[in-house]
Every structure is written in structure tokens, then in C-alpha cells.
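Colleague: I would like a close look at one part of this assembly, with the surroundings filled in as far as they help. Please take it step by step.

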Protein chains: 4
Amino acid sequence: MIVVLRPGCSKEEIAHVEAHLKDLGFIPHMLYGVERTVIACIGDDRVTTKEHLEAVPGVERVMPVLAPYKLASREVSAKTTVMELGGPGPAVKPGTRTVPIGGEKLAVIAGPCSVEDRGMLLETAAAVKEAGAVALRAGAFKPRTSPYQFQGLAEEGLQYLAEAREQTGLPVITEVLTPADIKLVADYADCLQIGTRNMQNYLLLRACGESDRPVLLKRGMSATLEETLLAAEYILSGGNRNVLLCERGIRTFETHVRNTFALTAIPALKEKTHLPVLADPSHGTGVRRLVAPMTKAAVACGADGILIEVHPNPEKAKTDGQQTLDFREFAQLMRELKPLAEAVGRKL
Amino acid sequence: MIVVLRPGCSKEEIAHVEAHLKDLGFIPHMLYGVERTVIACIGDDRVTTKEHLEAVPGVERVMPVLAPYKLASREVSAKTTVMELGGPGPAVKPGTRTVPIGGEKLAVIAGPCSVEDRGMLLETAAAVKEAGAVALRAGAFKPRTSPYQFQGLAEEGLQYLAEAREQTGLPVITEVLTPADIKLVADYADCLQIGTRNMQNYLLLRACGESDRPVLLKRGMSATLEETLLAAEYILSGGNRNVLLCERGIRTFETHVRNTFALTAIPALKEKTHLPVLADPSHGTGVRRLVAPMTKAAVACGADGILIEVHPNPEKAKTDGQQTLDFREFAQLMRELKPLAEAVGRKL
Amino acid sequence: MIVVLRPGCSKEEIAHVEAHLKDLGFIPHMLYGVERTVIACIGDDRVTTKEHLEAVPGVERVMPVLAPYKLASREVSAKTTVMELGGPGPAVKPGTRTVPIGGEKLAVIAGPCSVEDRGMLLETAAAVKEAGAVALRAGAFKPRTSPYQFQGLAEEGLQYLAEAREQTGLPVITEVLTPADIKLVADYADCLQIGTRNMQNYLLLRACGESDRPVLLKRGMSATLEETLLAAEYILSGGNRNVLLCERGIRTFETHVRNTFALTAIPALKEKTHLPVLADPSHGTGVRRLVAPMTKAAVACGADGILIEVHPNPEKAKTDGQQTLDFREFAQLMRELKPLAEAVGRKL
Amino acid sequence: MIVVLRPGCSKEEIAHVEAHLKDLGFIPHMLYGVERTVIACIGDDRVTTKEHLEAVPGVERVMPVLAPYKLASREVSAKTTVMELGGPGPAVKPGTRTVPIGGEKLAVIAGPCSVEDRGMLLETAAAVKEAGAVALRAGAFKPRTSPYQFQGLAEEGLQYLAEAREQTGLPVITEVLTPADIKLVADYADCLQIGTRNMQNYLLLRACGESDRPVLLKRGMSATLEETLLAAEYILSGGNRNVLLCERGIRTFETHVRNTFALTAIPALKEKTHLPVLADPSHGTGVRRLVAPMTKAAVACGADGILIEVHPNPEKAKTDGQQTLDFREFAQLMRELKPLAEAVGRKL
């Protein structure tokens, strides 16, 4: 940790800061420059927050050296950790096959934004499987901006998801909104999704850390990579080592898209963490016509998997129709993706 | 709602969009221009999402006309609704006085970021009351970016808060993180705070809507005003009509501050809503030296109240020390605020 | 153009707005709803600014329907316009071949950020040509954030660029900073670059509109797509129909990169305009290790060309070393790009 | 300057970085930690860019310690430097009084966005003087987003400005867009304005550095404070020591305003620099009804002056009508501002 003092600090102030750092367990190296004093501290700067030290009189700025996350960091594993989605559970038939994410095979995960009814879900599950998807994703509990919008089918939706898995063999991913629902969702689903609005819902993260289901953690719409990895660290430090990260677009000044799809996060995260990194071009753009080119871009820069919203009839979708592909568009995209995935050393 | 079609739409596409709008209950007025067709729809466009219609083939853009919130809107009341903080409750002595927020008197709410122990809390409560604060705010449940940081004293902290209220008469505001804790927090506190990271935690909003305690709702760090008012609408539509809004800084490209204090939100919100609007210059800047000038700015542009972090010794604070005033600084600010509040027609 | 009036407008106000619109040449269609009046105007809303009408009492919001640019719009040409870089000129040998941009062949344009001296430029030009680049880009006039930084070699740099073209046959692209320099730069270079900081330097745009050299226009770091296309419109409306657009990263809250590479702009721009769209992953990321994956992403989502910074020894570069590839890295990237370009129907 | 090396750097890499730093004139202090090596460098880190060092293999991050600007910095003067606007010149009558900016008196500068004709300018100049403005600001050269919009009256507008000064005695501020126009503009005007789109037009900054007229430099719409101060440094280092800074709103995700008025920049800039700092609530909000409250906020947090757009009839204004006050609104605001200015120790 580097502590930069203000110009014109008194001797007493400098001594006070030095003593404060020693109290915190650091070994401070004092560097007296012409214009200002800088203190380089040896010690674990993960335990002390930058904000705390910036409250000490005389301190101008604090620059941490170590990343504040540990279990999520690349230092834990040079190889990307492969997660297995699926496997037995309360509502899961024994013998269900698992799907690896993070390995050579690119994982395409698809499904409607919401489970709207039994028929459309089963139909979509069959169609995305046919086109090559390896898992089904759909929402039973929907976080909606307005209280007057459709909020999801809740447990009824989970039951349809379990039925879709039984029919297709695809493992099921669905969002959980609150700690009290984790057990229920985990009974039906193979993977718990934490949405962008809940990325810093720390009690939910902690509670997912105690589940044995893998967790798909979406980046918050204004989260830095460090905050995203610290959110993962909440889950990992609770004992659940199966976390998948997902870039889904950030909020910027751009207005031609719903979100700015910040794809550089993919290779940047893969440098920093051993966790698999997915991309969600449906939310990442919010525009149906942009989903196909941006899926290709995400694969080209190294995503381990892709989440795509697919619906039998997007214009009738209860949620997110404007960014949803129909079956034909999805199948077409899967065909186009194949040579591209191969060009970057992936299998589809 | 205005629906703009793409240039070059076929007659069939136009007819399809028109029929779709009628199905949704709108009365579409077709305007055939030289370059493109525009449809002006009469009807309640709060029930239909922009996203939904943008999924219909031929539609380029949808522009809603009505604000999507109702109960929060200025149309409900031309005057700012005055909320009463305080009053009897399970852990509240009968006879406790209430504090109005939203009227002529500017409400200064102060306290430490976290309840760290009994002594510091009681000491701070006495000091902020002495300087003129009308309510005490401190966190017992702390949402922290890293799992390795101090997470708050939980119920023990709530007990100290109740004791501070008994000693000072100041009503108590404290954050609640999850629906399961609402009853516990409401037993001890006079007002439930929903923090910036939970502004779109809709189950928490709904659950607060069923409480009889006023709710202090902080703007999400990347929320638009519309999203903020829709979050309030979740609480209001649940039956709880006591919501206080709070601007606390948004996330932008600026690096010299922790957040960009978007003060224009204050007069802009006050135009749109009858709910009182507070400002939090501690989080809004993240820098101790900037708290006093930005408090003045917030009052000058019409805030109904101010939240300020105060601690006996900010450099020892467990959280947010870098943006926290000490007792002397807070008392000084209160003295300076008095003529300024009067200059904009407020009492302190 | 759609004009939304405030709720509670008086009859006089409504009549005033209607008259005002007629004065401006619009045919207003009045739509009287229960909650507010909306006016749909037939007419060319490119001539009137939204801002102007929002100044009229009673008007709440104005929503233009038509894009404000004409010559840049896709309506001018369904096919991407192919630009020819190169050809005779004052400092250009007759018989120099031209390079098409915007067609099937992906155009990779490379070179050092700055012309530092003759040797390094000629060496780099030879190396990038060898690896497959079709044009050379390097700066002789450098816009630098600080007045104390290296500002470029000016005309001496232009002479080396002309020499590099003579040796390699590669057409040359270089930045022009002010109208007074356009003639000088156009004498030496095949294409004028307008940098991100000058995207809204309208006198420079106008002056480039009178040049016969193609112009490479970089998106401003906080420009919307509409503003970018309007900047192009300045050049096009001046008579110069050869404009190449370039996405180079936008400014957001992200800190792990120098800019957020907003790649969705590529397919989105290609929908809106017939001009070729390039991508600059060097500035788009600001991080050397991220240049290769993001180049691939840009090609995958449809870029017509790529700008890459290459230097014989990036750690000795006078500018932008942190985002610059060395010869080996560039050649390696070109090899990896080939199958990827083919997978999206492009030749390299 | 602090140089953080990557974990796992080899001895050779570390030695290479150390040698490189010595070559650049630094005295490197090596700090070998358990997880990584950090090098603290004594020396003037203003001469070397962070970007340059980040290109050296083994370097993970570089953290400069010193601010990169010198002449603009607070270290030059503990007191705010008072600028004198006005004084003799080619088109200025001898004996014209000057107006100090940066002292106790709050400087309100007002005028129409554009000089539209002689009558409206003289009328506005008289009205704003009457209400208490100390200087007149209006544009003769207008930078407009679209080439099809009104671009200003050019020299004719400058002549009207000079006439308005003669009639009212108010010094005149007007924008200059390109180096070639500086002499012309300086002949007529008392102060050169550099607009937000030109804040990083370095040749224009340099050319203004050679003028003897004070320069009003607006913050770029996505500029950091450091970049803003470096832009001022261009002018100051050219020999012109009279620079006024101006916060005018930044570009963020907010949509209810044209820009996010980042008022915290005012006290933050005043900490860093001795130059006077103004605020422009007209552009800072883009909304007429928000101008008055945000003017008050700007004064409350310490602005040395305010720029306000005023027009005889905003709905007929050729530019920026939606954010322009009429005479009555401006006079009313001036009356309300008086007690507020006094409450923060300023005179009006």
C-alpha cells in the first residue's frame, strides 16, 4: 500500500501517520521527496480499506497494491476452472448428464427471458437444444423496473423448468432474488443466477455461498471489475467454489443501445480470475438486430459461453421481446458461430 | 405513446403494427409522412412497456408519453407531502416526539456510518443533537464491497440505536438489507433506509411497502430519476405512503470524487414528485473537505433535508472515515448553514 | 416531430404552440388525450432543433422523428461505399496504387502512434507491410494532454511518411489538427485523420470538407452515434464524399481500461450509414495485452478495417507505448486474424 | 512515481525496469514484498508519462505522485488570483473600466447564447446590466452539432458586441473557434472563451497563450479535473496568466438533463488551483426551470462567478432557448441571489 501525504505536512503529522500504519500491522518505508513524503507499506493491504486511511490527517491519497480479492484471483489457478452444470438434486432425475463450462467447448445457453407458460417453455427448450444450446435459461422470478409489470410465475415457473430439463436433458439456470428463495430455486434448478441489480445484494451473495449449486453472477450495470470479483469473493468465501461471471452491458451515456456491451471486460477478467467468463449479448445490447454480431464479437475475444434470449414469437414476449431472437434467427446464428468459434480455438 | 416505424415498411407491416396496438387497447392515429409512418396512440401507456412494442417487426422506436409512475407523481399532490418521523412502536417509549420532513424546516440528519459500539454512538447522538440535527442515522447492518470488511453489529447495533433515541429523543434511521430483517429493524428504528445498492431489490421494496415505518430510499448509483421514482412506486403501491427520496451521487467517469453528486436531481425530482427529497453530501462526494460546501449547495437548490456522516474521531472510524466530519466540523457547518437556509426560505 | 405538452396546459398555451409550429412550416396534428395533449407534426424536422421548441411555454418534451443527418444516412446507399485510399498528389509519385476500404477485404492499417524519427518509421512501415497491413498510419502533429509532452515532428514527420510510402507503396494516414495545416498535410498524406478530441471542431471538419483527400473521422470520446454522423455530415456537406468512421473507445466509469471499447457501435453505425466503419483497438482499450482479443472482436462484429499501433520497441515509444504491439506481436495477430476474418465472410 | 510490478516477475525483468527508471533520471527505491515488487521513485514524475512506463515488460501499473500541472496549481498561490476583465484595446474606448473576477464580489456574466442581431443584443446588454450583471457574454462564432443549424454572425456579431460594450460599459466575452480568428476576436472582445468542444484543441489553447486577453476555459464535457487543469496549463505556459475555469456540466447516463452539472468540481478545483472558477448553470442543466436553483447551488459551494443565458424572448432564440431566462426571470434570480451570496461571504 502506498500512502501519499499532502505537500507541507508537519513533522508531527508525518509521525502520526507512520505510527497509525504500524498500529495496523504495516512496515512503513518513509520516502522523503522534495515536494512531498510518500510511504510505501509492506504488509497485507487487503485487510485495510483505502477509505479508512484517507481519513487520517495529512494523508492525500492511498494506493493499494494488492487486489482485494483472493479466492477469485488468477493466482489461485493458472487454468480456467471448469464448472459442471447439472447433476442430481431434489427435483432432478438421477443420471442427468452434466455440462462443463470453462473448457474448450463454447457453452451456448439460451431460453426465453421469462417462463410465460408451460407450452412456450417446452417448445423453446426443444428448439434451442436442437440448434445446439447446452443449457436452458429462463426466469421464474422477474425483477422488473415497475411494480405494474409482469413479475414472473414463481414456483409454477420452476416446475415447468424442471419439466423442460426432463424432456431435453438441458441443465436449467434461473434467477433467485432473495435469500429466502434459494432453497426453493435450488431444488428445481441446476444453477442459480444473480442478476445485475442484485450483484451487490451481499446477503444474497452470502446465502448463495452456502448453496451447493453453481452460481451465475452477472456484472452490475455500474460495477467495476474489482467490485464484480469481490461479489464473487462473497460466494467463494462462503464455501461455494462454483461461480460463473457474466458481462451483460454497463450503463454509460450511450442512447442507441440499452446498455454498452463492455466486451473488453472478457479478456480483462480472464487475466485476473480463473472463473469462467460468459457474455450476454441480449442485455448487452438490448437490440435484437445487434445480438448476432455481438455474440460473434464476444466469442472472438474469448468468452467461455454466451447467454441468448430466444422466444417462439418475440413480439408476443411478456418481457424483453426487443432483444430476443426467434427460433430461426437463433439457429442461423448457431450455424454462423461454428466457424468463428473454431477460428479462435473453440468447439461448439 | 408514439410509435415510429422504419422507413420502407410494407403496408402489411404497418397494418400488423396497427392491429397489435388495438389488441393492447390503444386507439392508434396513423400519420403517414413522406419518409416514414408514425403512430400516435391514445391510451394508458403505463401498462405497456416500450421494450415490448420495439419487438414488433417494422417498429423502429417507441416513445412513451406518460411517466410510468403514478402514486409518486406530482399529479397526486401539488404540495410536498410532509412525513412524520418517529412515534410509538415496539422498542419506542410512548410520548416520543415526531419530526416532520418536507416542510419549511430543513431536516439535518446525522450520525456515524456504522454503529461501532455503544459509547461512540451515544456520544455522537448527543453531539449531533446539540448541534441541531433532528434525527440520528447509523448503520447496524452494513453492505460492504468486500466480504473481508466489517459487516456491522446487527441487532446489538439496533439496541444501541434505541438507547440513543431514549437519551436524545432523536428518531432513528437505519438500513435494512433483506425482507427477513424488516420486522426486526422496524421494531427498533423509526425509519427504514434502503441503500443505493438495494434500490432495485424489488422484493425488499415490496416488503417495505407493507411496513408502517417511513422509508428513506436512496437513489441507485446508476439509476435514472424515472427508475428511482418507480422504486418508490413499489413501496407506495404496497400501501406505505411514507417515502423519502435521497440523492447520494451517481457513478460517472470522474475520479476526483467517490461519486458525482448530481444535485440537479433535487429540483428535478421536486418537479416530478410530491415526496420529500434529501441529499447525502457525504456519499455524494466521498471526500471530507467537500462535505461542507456541497451541503450548502444541496440546501441552496432546494433539498428538504441533509444526511451527514459524523464520528467522534473519523480517522478511527471502521467505515467511511474519509467522508466523515468530526463534532467540531459538524457544529461549524450547522452554524454556517443557518443564514444560507434562511436565504432560500428555510428554517434550521 | 412529436411535441408533448405539459399536463394542465391552458387552451391559450396549446393554441400558441400550434401557431408556432405552423410558423415553422409544420402541419400539426393535435391529439387531445385525457392527461395531456400531444402534437404530431408532419414536415422536415431536420431544420428545427429540439432545443428551440422546448423553449416554447407549455412544451414539455420534443421528440424528433427523423435522423438529423442526410448525406451520411443509409438511405443514400444500401451498400457500404467503398473509399479508395491513395492516388496521385503533390508529394505522391504517379502510379501509386490505391487501396479500397469498405469492400470485402478487411483493411488493416498499422503504424507507430508518432513519427519519432526516419529510421523507426521506415522500419515499421516495412514490417507492417510484410505482415499484411494495407496502409500506414502515424502522427506528425500530436495532440497531447500536457504541454510538457512530445508534440510531434510536424512537417519533418510528414516527409518521412511520404518516404515510407515511396518505399512500401502503402498509402499514408496522418492526423491534422487545425484548418491552417490541411493543405500541408494533404500534400504529403493520402488520408487526413481527425482525432477524437477534434471530432466536434467544426471549422476543421468544414475545411476537410473542401479537401479532396479522404478523411478518417474518429468518434469523440463522449460522442453519441448521432453526433458522430453529424460530424461526418459537416465533411460530406462540404463536398468531400470520402469519410471513414472509426470507433476508438468512449469514456465511462470503467478504470481497468483507458477507454471502454464500445464495439456495438460498429454494427449499429453500419445500419445507419453507408460509410465504412473502422475500429481502433489500441485506443479502444489502452492496454497492449487486450489489443489482440479486441481486434478479433471488432472483426467479428463487422468492422471494415482496423487501426493498430505498432512500434519496433514499444517500451521506448515516445507516445502510447502501453497500447502498442511490437512487430512479432503484430505479425502473430495477423496470422490469427485470417481464419477469423474468413469466418465472417471477409478476406485479409 | 510508484511502479508496481507483476507478480512472478523474473530477476532480469526487475533489473530491466530498475535500469530503465535510472535512465529516465529517477532514483528507484526497491521494495520487495512477499507477493510483488514495488518501486518508489524519487524524481520529477511530471516529465514522464504513466503510459510510457506501463509499456515496459514486467510493469503492471504506474501511479504518479505529483500533479502533472505546475502553473495552474495551488502551490503557485495560496490566494485565488484575481483577473481583470476589460481595459483598452483596438476596438475598446480608452477609459473603459475593468471588472475583477476571483475576489470577494461574485461575478454574474450574462447574455444571449448567440448574437442574433443588433437590436436584441443591445436590449439584452442593457437589461442584464440593469439587473446587476458585470459582463456580457454572447457568441458570434457558434459551434453547432449539425451543419444545417445557424452558425453565428461572425465579425458582424463582434461589431455589435463592441457597440454593446460602448453603450453599457460591460466588458465582453465571446467564443473563439480556431487560431486564425484569435486576433480578430481579441480586437473586439475583452475575454476569449474556449468552449467545451475545444477544451482539448491544443493549437487553439497554445495560440490563446500568446494573446494578452484573458481566457475563459470551459471544462470539456468528458474531461477530468486534471485534464482541465492541463488545458489551462497550455495557455499559462504560453505566457498568458489570465485563465478563468468554468464547470458547465459533464456527460453521464442521466437523461433528464442535457448535462450532469458536476458542482463538486467547484470546491475541488479551488483546492487544486489558484485560478478563478466559474459555473454555467444554463449548459450545466440545459433546462430553463433548473437554472435558478442550480445558480444558487453553484454560489453556495463557492463559485467565483456565474454564466447565465438571457434573451428577450427565449422561445424565439436561434440557439439554446430551452435553457435561457427572459429578462424578468433573470432579474428575479439576481434579487434572490443577493442574500444567498452574502450567506457565503460574497457580495453581489
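Before turning to the contact between chain B and chain A, what percentage of the contacts in chain A with a separation of 6 or more is accounted for by residues 24 or more positions apart? And then, how many residues does the contact take from chain B and from chain A, and which elements of chain B supply at least two residues of the side that touches chain A?

Modeller: Everything that follows refers to a predicted model. In chain A, 67% of the contacts with a separation of 6 or more are between residues 24 or more positions apart. Chain A itself consists of 348 residues, of which 66% are buried, and has eleven helices together with 14 strands. Taken along the principal axes, a box of roughly 75 × 45 × 40 Å holds the C-alpha atoms of chain A.

Turning to the interface, the contact draws on 51 residues from chain B and 51 residues from chain A. The two chains bury about 4300 Å² between them, and carbon and sulfur atoms give 50% of that area. Two salt bridges are found across the interface of chain B and chain A; one of these joins the side chains of Glu227(B) and Arg251(A), with an N to O distance of 2.7 Å. There are also 23 residue pairs in polar contact across the interface of chain B and chain A, where both residues have pLDDT 80 or more. As for the elements you asked about, the side of chain B that touches chain A receives at least two residues from each of α1 (11-23), α2 (50-54), α6 (202-209), α7 (225-237) and α10 (288-300) of chain B. Among the elements of chain B, α7(B) gives the most to this side, namely five residues. By class, the residues on the side of chain B that touches chain A divide into 18 nonpolar, 17 polar and 16 charged.

Two of these helices, α6 and α7 of chain B, are also linked through their aromatic residues. Over all chains, a search of the whole structure finds four aromatic pairs, and one of them is the stacked pair of Tyr202(B) and Tyr234(B), with 4.6 Å centre to centre and 25° between the planes. Because Tyr202(B) lies in helix α6 and Tyr234(B) in helix α7 of chain B, the pair ties together parts that are 32 residues apart in sequence. Tyr202(B) counts as buried at 5% relative accessibility, and Tyr234(B) is buried too, with a relative accessible area of 0%.

In chain C, the ring centres of Tyr202(C) and Tyr234(C) are 4.6 Å apart and their planes stand at 25°, so this pair is stacked. Here Tyr202(C) belongs to helix α6 (residues 202-209) and Tyr234(C) to helix α7 (residues 225-237) of chain C, so that distant parts of the chain, 32 residues apart, are linked. Both Tyr202(C) and Tyr234(C) are buried.

Chain C also has an interface, with chain D, to which 51 residues from chain C and 51 residues from chain D contribute. About 4300 Å² is buried between chain C and chain D, with 50% of it on carbon and sulfur atoms. The count between these two chains is two salt bridges, including the one in which the side chains of Glu227(D) and Arg251(C) meet at 2.7 Å, N to O.

Methods. Residues numbered from 1 in each chain as written. Chains lettered and ligands numbered in written order. Predicted model: local features only at pLDDT ≥ 70, side-chain atom pairs only at ≥ 80, totals over all residues. Heavy atoms only, no water. Contact = heavy atoms within 4.5 Å. Buried area = accessible area lost by both parts, 1.4 Å probe. Salt bridge = Lys/Arg side-chain N within 4 Å of Asp/Glu carboxyl O. Polar contact = N/O pair within 3.5 Å; in protein donor to acceptor, adjacent residues only side chain to side chain. Helix = DSSP H or I, 4+ residues; strand = E, 2+ residues; numbered from the N terminus. Nonpolar A, V, L, I, M, F, W, Y, C, P; charged D, E, K, R; others polar. Phe/Tyr/Trp six-rings, centres within 6.5 Å; stacked < 30°, edge-to-face > 60°. Buried < 20%, exposed > 50% of the residue type's maximum accessible area, 1.4 Å probe, protein only.
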